[in-house]
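Good morning, colleagues. I shall take this structure in stages, and I ask that questions be kept for the end.

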Amino acid sequence: MNEVVIAAAIGVLTSSGVWLLLRPRTFQVAIGLSLLSYAVNLFIFCMGRLRIGVAPIVAPGGAADPAAFADPLPQALVLTAIVIGFATTALLLVVLLAARGLTGTDHVDGQEPPA
Amino acid sequence: MTIADQLVVVPIVLPLVAGAATLLIDERRLAAKAAVSIVSTLALVAAAIALVALVDASGTRVCHVGDWPAPFGIALVADRLSAAMVLLGSTLGLACLVFGLARWQREGPRFHALVHFLLMGVNGALLTGDLFNLFVFFEVLLAASYGLALHGSGTLRVRAGLHYIVVNLAASLLFLIGASLMYGATGTLNLADLAVRVAAVPAGDRWLVESAAAILGVAFLTKAGMWPLCFWLPGAYASASAPAGALFAILTKVGVYVVLRIWLLLFAGSSGPSPGFGSTWITFGGMATIAFATLGVVASQNLARLASYSVLVSSGTLLAVITAQSAAVTSAALYYLVASTLAGAALFLLIELADRGRAAGADVLAVTAEAFAADAAPLDENDEAGVAIPATMALLGSSFVGCTLMLAGLPPLAGFVAKFALLDALLRTTPIPGAAWAMLVLLLVSGLAVIVGMGRAGVRRFWASPDVAVPRVRVIEMVPVAFLLALCAAMTIEAAPVLRYLGDAAAGLHAPRNYIDDVLSPR
C-alpha cells in the first residue's frame, strides 16, 4: 500500500513538473523545476527501500543487525540534493527577475510570440 | 595513503581557498584580487604539472578523503587521464584570468571568485571516484558557470543564460534520478565498486542498471552537447563574455570525459553482462552532432556563434569515437580533445578582440551585401596601392589563421596530427566497419566546413573592411591567445611524448581492472 501511495505521489509531482516545465512563462518553469526536484528527492529517498518504524542510526556499542535499520545513505543524499536544489532555485529566480526587467516580458524566449 | 597521495586534493582545495579569498577582498581593490588570483592559479598549474609527473612516474594515485576506506568514503582518484585533464583545465583557467585582467574583471562583480569556483568544480568532477560526489562537483561547476555566463549582464546574455540554466537544472535532476537508481540497484556509489557490482547484478535486475545508466547518459550527454540535447549551447556560449566562453570550452569536454570514464568502467569489454550497452546511441549521436554542428559552422553569421559550433564539432567527434573499444582510437581521441580545447578557447578570446569596436549586426549586413552583389563602395584610385594592414590586425589575423588550422585539422599544427591519428586508428581495424567510413567522411567534411566558415569570416573581418577602426588591444590580452596557440604548436613539435602519455592513459582506461584494484585495495 505504501509503495502505491509513494509511487503515485512521485508520479503526480513529476508529471505536473514536466508539464509546467514546458509552459512558456518563466514563473511556471521555476515552479515546474521545484516540483520536479521534490519528486526527485522522494525518489532518492525510496531508493533506500521503504521501511516503517526503523531508525537509520545504530546505537553505540556492539555490532547491529543491518536488517533492523533503515539505509542512512539515501537520507544523506537527499539532504545534499535539497540544499543544492534550494541554491539553484534561488539563483534561477534572480535570473527570472533580471530577464523580466531587461526584456519586459515573462516569456521564456524574452519576447511575446506573434499573436 | 602517503603524503604524495595528498597532492590529489590540491587541485580542488586550492581554487576553493583562492575563490573564497577573492570574495573577501573588497570589489574596489581589483589589484589585490588579481594578485591573489593569478598567484593561486599559477600554483594550481604547478600542482597539476606535479600531479601529471607523479602519476606518469608511479601510476594511479588514490586519496581516501578523511581516511575512510573505499567504497565507504569518497575516493579521489588521479590517473593519467584525469591528471592531464586537470592540467588542461588549469591552463585554460590561467589564460582566461590573465585575459580578464585587462577588461572583463571590471565588467561585473566577482569575476575572479567565479572563475576559481568553476575550476574547483571542473577539477573535482575530473578527480572524484564517486558518483554522487560527481553530482556535487557538477553542481559546483554549473553554479559558477551560471554566474560566468551572465557576467557582464545585458539582455542577450540574460536571455541565453536563462535557457542555459533551465536546461542544466533539468539535466541535473536526471543525474540525481540516475545516480539514486544506480544506488538502488547495486548498493554502491563508488565508481570502482560499481564496476565490480554491476557485473554481479542478477539478470532479472539488469534493466534497472541499464535504465540508470541510460538516464545518467542523458544527463552527461546534455553537458557534452550531443545532438539533439545541444540546442542551448550555441546561444549560451556565443553570448557569454570572452573569458567565460573560452573556459566553457572545457565544460563540454568534462561531459565527454565522464561518459568515457563511466562507460569504459561499466560496459566496455566483450565479457561483461551488458557489453557495449548504449555504444550505438553514443556513436551515432556523436555523428549526428558533427553533421548538425557542420551545418551550424557554415550557416553562422557571426564569429562567436561559429566558435560555439566548432566546440560542438569537436564534442561530436569525440563522442562518435570513444565507444570504439580500441585503445589506439581512444588515445588519438584524447590528443584531439586536448588540441581542440586549446584551439577553441584561443578562438573565443581572439574573437572578442577582433570584434571589438565593431557595430552590432555588421556581419549580417556584410552577408546581405554579398547576397545582393551590392559592392556599394566604389573602388577609388587609392585602393590600387593596397591597404596597409596595421600591426594589431596582422597579429590578430595570424592568430586567427592558427586557430583555423587547428580546428579544421590542417597541417602543420596539432589539429592535423590529431585528426590523422584518429583516422589512422579508426581505419586500422579489419574489416573496417561501415561506421568508420561514415566517420571518415564526416570528419573530412566537417574540416572543410570549418575552413569555409572561418575563411569567409576571416576574409570579411581582416581583409575586406579597411575602413573599420583597428581594435584597441592590450598586450595582456594578446598574451593568453599567443600562449594557447604556442601550446598547440608545442603539442605538434612534441607530439611523440604527448601521444605516448595519452596512449598510456588510454591503455589504463581500457584495462579497468587496474583502476578498480587501485581504488579498492587498502594501501
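R261(B) sits in helix α10 of chain B, which runs over residues 242-266. Helices here are DSSP runs of H or I with at least four residues, strands are runs of E with at least two, and both are numbered from the N terminus. R261(B) is buried, since 23 other C-beta atoms lie within 10 Å. A residue is called buried if 20 or more other C-beta atoms lie within 10 Å of its own, exposed if 12 or fewer, and partly exposed in between, with C-beta atoms placed from the backbone. R261(B) and G121(B) are 140 residues apart in sequence, and their C-alpha atoms are 17 Å apart in space.

Before going further, I should state the basis of the model. It is predicted: local features need pLDDT of at least 70, side-chain atom pairs count only at pLDDT 80 or more, and totals for chains, interfaces and linings use all residues. Residues are numbered from 1 along each chain as its sequence is written, and chains are lettered from A and ligands numbered from 1 in the order in which they are written.

Let me turn to chain B as a whole. Its secondary structure comes to 20 helices and two strands. Along the principal axes, the C-alpha atoms of chain B fill a box of roughly 80 × 60 × 40 Å. The radius of gyration of chain B is 23 Å, which agrees with the value near 24 Å for a compact globule of 523 residues; this radius is taken over C-alpha atoms, and the globule rule is 2.2 Å times the number of residues to the power 0.38. Of the 523 residues in chain B, 57% are buried. Among contacts in chain B with a separation of 6 or more, 80% are between residues 24 or more positions apart; a contact requires C-beta atoms, placed from the backbone, within 7 Å.

What does the interior contain? The largest nonpolar core has 218 residues, and those touching the most other members are L247(B), V259(B), Y335(B), A339(B), A346(B), L350(B) and C488(B). Such a core is a set of buried Ala, Val, Leu, Ile, Met, Phe, Trp, Tyr and Cys residues joined through C-beta atoms within 7 Å. Helix α13 of chain B, residues 327-355, gives the most to this core, with 20 residues. Leaving aside neighbours within four places in sequence, L350(B) is in contact with L396(B), S399(B), F400(B), C403(B) and V481(B).

Two helices of chain B deserve separate mention. In α12(B), 19 of the 19 residues are buried, so this helix is largely enclosed by the rest of the structure. It covers residues 303-321 and reaches 27 Å from its first C-alpha to its last, close to the 27 Å expected; the expected span is 1.5 Å times one less than the number of residues.

Helix α18(B), residues 475-493, has its end C-alpha atoms 26 Å apart, in agreement with the 27 Å that its 19 residues should span. Its buried residues are E477(B), P480(B), V481(B), L484(B), L485(B), L487(B), C488(B) and M491(B). They lie on the same side of α18(B), because they cover an arc of only 135° around the axis, the arc being that of the directions from the helix axis to the C-beta atoms. The face turned away from that buried side carries the exposed residues V475(B) and I493(B). The buried residues of α18(B) pack against α3, α13, α15, α16 and α19 of chain B.

Next, the backbone. Most residues other than glycine have a negative phi, and most peptide bonds are trans. Where are the exceptions? A cis peptide bond joins W227(B) and P228(B), with omega about 5°, and P228(B) lies in the loop between α8 and α9 of chain B. Another cis peptide bond joins P411(B) and P412(B), with omega about 10°; P412(B) lies in the loop between α15 and α16 of chain B. R110(B), which is not a glycine, has a positive phi near 55°. With 18 C-beta neighbours inside 10 Å, R110(B) counts as partly exposed.

Finally, the contact between the chains takes 22 residues from chain B and 25 residues from chain A. On the side of chain B that touches chain A, α6(B) supplies the largest share, 16 residues.

Note on methods:
Contact = placed C-beta atoms within 7 Å.
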